[in-house]
Amino acid sequence: MINKLSHVSVFVLDQDSAFNFYVNKLGFRVHTDAPMGPGTRWLTVCPPHQPELEISLMPIAEGMMFTKESAEQMRTLVRQGTFGFGVFECADIYATYEELKSKGVEFKKEPKKEFYGIEALFKDDSGNWFSLGQKP
Amino acid sequence: MVEFVYPKVYLYRRIVQAKLYMDQHYMEPIDLNNIADEALFSKFHFIRLFKKSYGKTPHQYLTAVRLEKAKLLLQTGASVIEVCFSIGFESISSFTGLFKTTLGVTPSAYRLQQTRILEEVQAVPLKFVPNCFAEAKGWTKKSNFQEAHI
């Protein structure tokens, strides 16, 4: 029986920039920042109220996971905003929207009432987009 | 470009400004009356609106921010005294007491616990990476990452 999701990966163009975005703009906590050799690190962050879910900020680099060509293709797709990685919840979407906007976060969709709640869409610094929701 | 406007936008902006002020000035003596005045609210109206947005009163929120900063500083190995004063507390005993009541551990015990974890992360990083990721990245082929730094 599967109990829970513990890790999820978000492919990012630059880990240092992603660190700044997720920690200093979104307010996420660093879970693990482990050195994995020169220029490589295992970096995971978690939403403040969900410390058990590690979001791995995975750099797209040529190596075991990507060939040179596929890495470049992946970087292009991420930059173009092809991937939506998930839904974040908040207690007050208008306050969260105002705060993130003031920190320079780019929104694809302003908060809008839908039949399932209020929803907005924002992009991370790489181009990945997320839904931001407030339940009714 | 037309600015996006939602109900009570002016109230939200003032509440968010007050929250961001606390995020940035948590180490200073902050008078919540001043913040309420600055936001052009009566104190009680301000507290009610702030709690509606953030689930905490401004005072509870400021305390939470200070304790969160304390945790980060303790992780860097800073002393309890240094941390206490750098986050805006004026008494070691009140800081230590609040820290323990909130987090269930004293600041010095937390610092020791975190220092050990960070040392382990540096010494045995693979212990903190699920094997599927480590294999996909080719990290399991290296026996000692410390050697790679030399």
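1. In strand β3 of chain A, Leu43(A) is the bridge partner of Asp33(A), and this pairing, like everything that follows, is read from a predicted model. The pair belongs to a longer match, since β2(A) and β3(A), the latter covering residues 41–46, run antiparallel and are joined by 6 bridges. In the hairpin that these two strands form, 5 residues lie between the strands, and Gly37(A) takes a positive phi near 105°.

2. β3(A) also pairs with β4 of chain A, residues 54–59, again in the antiparallel sense but over 2 bridges. Here Val45(A) stands opposite Ile55(A), which lies in β4(A). Two residues of these pairings, Leu43(A) and Ile55(A), come up again in point 6.

3. Chain A also holds an open sheet of 4 strands, in the order β5-β8-β7-β6 and with mixed pairing. Because β5 (84–89) and β6 of chain A each have a single partner strand, they stand at the edges, and one side of each is left without a neighbour in the sheet. From one strand to the next the twist averages 20°. As for β5(A), it runs parallel to β8 of chain A, residues 129–134, and 5 bridges join the two; within this pair Gly84(A) is set opposite Trp129(A) of β8(A).

4. Chain B is built otherwise, with 9 helices and 0 strands, so that a reading from the N terminus gives α-α-α-α-α-α-α-α-α. Its radius of gyration is 21 Å, well over the 15 Å that the globule rule gives for 150 residues, and chain B is therefore more spread out than a compact globule. Taken along the principal axes, the C-alpha atoms of chain B fill a box of roughly 60 × 50 × 25 Å. Of its 150 residues, 23% are buried, and among contacts in chain B with a separation of 6 or more, 48% are between residues 24 or more positions apart.

5. Which elements give two or more residues to the largest nonpolar core? This core has 25 residues, of which Ile93(A), Ile15(B), Ala18(B), Met22(B), Ala39(B) and Phe50(B) touch the most other members. The elements in question come from both chains: α3 (93–102) and β7 (117–123) on the side of chain A, and α1 (9–25), α2 (32–38), α3 (43–54) and α4 (58–75) on the side of chain B. For Met22(B), once neighbours within four places in sequence are left aside, the contacts are Ile30(B), Tyr61(B), Leu62(B) and Val65(B).

6. A second core, separate from the one just described, has 17 residues and includes Leu43(A), Ile55(A), Leu57(A) and Trp139(B). Leu43(A), the partner of Asp33(A) in point 1, and Ile55(A), which faces Val45(A) in point 2, are thus met a second time, here in the company of a residue from chain B, Trp139(B).

7. Where the chains meet, 21 residues of chain A are in contact with 25 residues of chain B. On the side of chain A that touches chain B, two or more residues are given by each of β2 (29–35), α3 and β6 (106–114) of chain A, and α3(A) gives the most, with 5 residues. By class, the residues on this side of chain A divide into 11 nonpolar, 6 polar and 4 charged. The contributing elements tie the earlier points together, in that β2(A) is the strand joined to β3(A) in the antiparallel sense, β6(A) is an edge strand of the open sheet, and α3(A) also gives residues to the largest nonpolar core.

How values were computed. Residues numbered from 1 in each chain as written. Chains lettered and ligands numbered in written order. Predicted model: local features only at pLDDT ≥ 70, side-chain atom pairs only at ≥ 80, totals over all residues. Core = buried A, V, L, I, M, F, W, Y, C linked by C-beta atoms within 7 Å. Buried ≥ 20, exposed ≤ 12 C-beta atoms within 10 Å, placed from the backbone. Contact = placed C-beta atoms within 7 Å. Nonpolar A, V, L, I, M, F, W, Y, C, P; charged D, E, K, R; others polar. Pairing = 2+ DSSP bridges. Axes fitted to C-alpha atoms, helices over the stretch in contact; angles between N-to-C directions. Rg over C-alpha atoms; globule rule 2.2 N^0.38 Å.
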